[in-house]
Structure formats: C-alpha cells, structure tokens
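Work through the exercises below with the structure at hand. Each task is followed by a solution in steps.

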Amino acid sequence: MIFKIMIKFNLKGDKSLSHRYLILSSLSRSNCRIKNLAMGQDVLSTKKILEKLGMEFETREETLITDNSEAYSINPDVPLNCGNSGTTMRVLAGVLAAKNINCILIGDTSLSRRPMGRIINPLEKLGAKIFSNNDKAPLKIFDSQIELKENFIELDKPSAQVKSSLLFFSLISGIHLKLNGRIDSRDHTELSFKNLGANITIHQNHIELLPSNNLNSFEVNIPGDISSAMFLIVFAILKENSHLYLEHVLINPTRSKSLEILKKMGADITLHHQTNELGEQVADIEVKYTENLKNLDLISKDDLPFIIDEIPILSLLFSKASGLVTIENPEELRLKESDRLESILQMIPSSKLEKSNLVIKGDNLLNVRSIQSEDHRILLTEKIYQLINENFKITKEEKEIISISFPEFFDFLEKLMKKEA
Ligand code: S3P
C-alpha cells in the first residue's frame, strides 16, 4: 500500500480544549457557539454530564449552540458517569464541588483504578468536601458551604487535570488562588480563563487567580487534536512515499514538544499558516516520509509533561530510528488509562527499563509485539504499526476503544485506501 498523492486531512477538535470549552460554556454570561468539538467518547462523557445538570445543547450547521440558563439547577439522582475520561472526572469534581452539587462521579474499570487523591487533597484544602474509595472513584461530592481553609497550593506533580480542577473550583467559588510548584503542564485552562475575561496572571513559576465576574461568552472553532495528529504524523514519517497535510491543528507549545523532538531527529515537518486563536497557537502541519531518523540521546524528565500522551507512539518511532534514546523517569505513564510504561516495554522488543528510565535502542527495524490492550493510545500505536507493516486488521471492539479519543481515525483510513496505488 503506497499513497503517492498528498493526503489532506482535518482532525476533530483537540480533546483537552473540547472538555474545557464545554465546561466554560456552562459558566459564561450567555449562549456560546462551538465548532469542531471532539466527537470521541471522552468528550461526550463531559457533555452528557453537563446535560444531566441542566445544560442544553443544540447543533445547527455543524456548530454546537450552548444554553446555560438552567445549568447546575439539578442535583442528579443517578451517578454521573465519566466513562474512561480522567479529565471529565478530575476537572468536573472541582466544578461540581464549587457549584455545591450533591452527586456521585463514577467511571469505568480503568478510571476506577486511577488516583484521585491528587485532586481531592488540594480541593479539600480550598474547602471542598469529597468522599472517595481510598482516593479512587466513585467520588461523592457534598453540597457544602465552602469554607476557605487555604488559598495557597503548591503542586507536587505536573498535572493539567489537577491544575484545572483547582482553577475551576476557585473561579466558581470566587477564591483568590495562588498556585505554585509544578505548574508546568498543558496550559489551556489558564489561557482560556485569560481570554474570557477572568482575572488571572500567569507567571513563570506561579499562577494567581483573583475573583471576577462571569466569563465572557464565546465563539470558538476548536483546532485539531495534536495528540491524535501524532499518530498520523508518525505514520507519514515512517511509511514510504507518504505526504500528509493536516489543516488547522493546535500547536500550543505545552502540547507540541513532540513535533520539536521529531524535527530535531531529522523528520520532514513544516508548519504553515501559523495563527493565534483565543490565545491558542494553531497551524497546518505538512509531513513527508523521512529516511535516516536519528534518536536524540535524552528526553529529559522536564519535557515529559509536554509529551505525556504521545510517548507510546513516539516510542514506536524511536525504535525505528538509529541510536539509543533514554526517556528519563516516565513513571507517570503507569497511572494513565492503563500502565502505559509496561505496555511499551511489552510491545517494543528493543525497549527496556534501566533504573527508572525507559531506554529504546533504535535498530532501523520496525518490530512490535501485539498485546491485548483496552487503552486507546496503546491500541492506536499498534494499529499504526500494522498500517506501516501492511498487516492492518481491526475488530469491532477495537473500533470502540479507538473511538474513546479518535473516531475520525476511520475517516483517515478511508481516505488512505482511496489514495492507495
Ligand atoms: C489532560 C491532562 C493530562 C493528559 C490527559 C489530558 C487534560 O493528564 O494525560 O490525557 O486535558 O488536562 P494529567 O493531568 O494527569 O497529566
């Protein structure tokens, strides 16, 4: 299978931005308009929960019109299901605690295994009341009169979900919040707050949020998901004769570090039409098949928060490049939708753990062991390998797993098959 003509593809909106703009629309002065919302199950989980709480959504000409006049008017009598989505559970916990909604947040088996103490402890410092099952879901959020205990939080881990949960909680509760420590994670919440009129200042080492009025309403065309894009980008780099053009993709610097790494390794990637929309950087990404990729010696732990979701697919590419790469202490991968570090070690024969570092020896061969994973990003990594290797096959169950984050992957496959020579 070789595609000789350039493939142009439009990705659905970035998942992190989609969650945030849905939640922001529930807090804004009036109706908002959202174009190109992500269609994966994770974002649908956030949307469905907001509907259960009184939000109304209507789609007109591919634009979602939001109506928040009845938002947060309902104390739901059934548990709110976050499905597989950590962002839904962690960020909405902050929102619902601040809104004094009496409710229970539940998730699927994978989400029920993930650590929630990382949001519960700092939210409780700010005055929220949340019960959990030993710091795991289900989370019971109490309708409590918020009594501010502290307004200064030191983050000990770089997590955008934790940072966002605290920011939304404080914005809604009118708390003067000071965040410092590990604020070095994706910064969409800070940027969107600033752009919608919240009183937030973002410094190198700390963030300060002051009480402000309701957020401005907005119209947004969500740029394409850079994390999904990375699967197609790695495919195009590794598959002979490929030429791919992705239009209107999010390239926020806290998300596009992987592009920088690939360029440094010699990949043929060019950005076009760079713009700034609602504080977020956006561009078209052109990628061509590249031979002789060379691994960087070290991917430093300081870079990990900015490539965390892309490490599985990057690992596949690292195994094909030449040279040895050390990824410093990627332990956080164990706490994602599955233990992604273990999956990488099982999938990629030339990878190993040395002390706490992941070491991959590039050997110019593409060799991946098939593993049974219900984790969308691990499965997508395997599917990209199969596509390159021309032994692609997919089951109905696997399609459902991929649809957690990237349902339009199947539209890409269709385009690819049509262009096949
Ligand atoms: C996300 C933050 C990251 C990322 C996740 C999405 C977000 O998680 O892995 O897929 O939208 O805030 P952490 O906050 O746990 O690092």
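**Exercise 1.** Sort the shell around the ligand in this predicted model by residue class.

*Solution.* Start with the members: the ligand is surrounded by Ser16, Arg20, Thr87, Arg90, Ser159, Ala160, Gln161, Arg186, Ile308, Asp309 and Lys336. Then sort them: the shell has 2 nonpolar, 4 polar and 5 charged residues.

**Exercise 2.** Find which helices each supply at least two residues of that shell, and state where the ligand lies relative to the two domains.

*Solution.* Take the helices, then the domains. The helices are α1 (15–25), α3 (86–98) and α6 (160–173), each with at least two shell residues. Domain 1 covers 15–220 and domain 2 covers 223–418. Both domains give residues to the shell, so the ligand lies between them. As for the pockets, the ligand occupies the largest one.

**Exercise 3.** List polar contacts of the ligand with Ser16, Gln161 and Asp309, using a cut-off of 3.5 Å between N or O atoms, and then give the share of the ligand surface that the protein buries.

*Solution.* Take the residues in sequence order.

- Ser16 places a polar side-chain atom 2.7 Å from an oxygen atom of the ligand.
- Gln161 uses its backbone: a polar atom there is 2.9 Å from a ligand oxygen.
- Asp309 has a polar side-chain atom 2.7 Å from an oxygen atom of the ligand.

Each of the three distances falls within 3.5 Å. For the surface, the ligand taken alone exposes 380 Å², and the protein buries 94% of that.

**Exercise 4.** Examine the backbone at Pro138 and at His273: is the peptide bond from Ala137 to Pro138 cis or trans, and is phi of His273 positive or negative?

*Solution.* Begin with what to expect: most peptide bonds are trans, and most residues other than glycine have a negative phi. The bond from Ala137 to Pro138 is cis, its omega being near 0 degrees. Pro138 belongs to the loop between β7 (130–131) and β8 (139–141). His273, a residue other than glycine, has a positive phi near 50 degrees. His273 is located in strand β15, residues 268–277.

Terms used
Residues numbered from 1 in each chain as written. Predicted model: local features only at pLDDT ≥ 70, side-chain atom pairs only at ≥ 80, totals over all residues. Heavy atoms only, no water. Near = heavy atom within 4 Å. Polar contact = N/O pair within 3.5 Å; in protein donor to acceptor, adjacent residues only side chain to side chain. Areas by Shrake-Rupley, 256 points an atom, 1.4 Å probe, with all protein chains shown as cover. 1 Å grid on protein atoms, 1.4 Å probe; cavity = no way out; pocket = protein on both sides within 12 Å on 5 of 7 lines; lining within 4 Å. Sits in = over half its atoms within 2 Å of the grid points. Helix = DSSP H or I, 4+ residues; strand = E, 2+ residues; numbered from the N terminus. Nonpolar A, V, L, I, M, F, W, Y, C, P; charged D, E, K, R; others polar. Domains from an automatic or database assignment.
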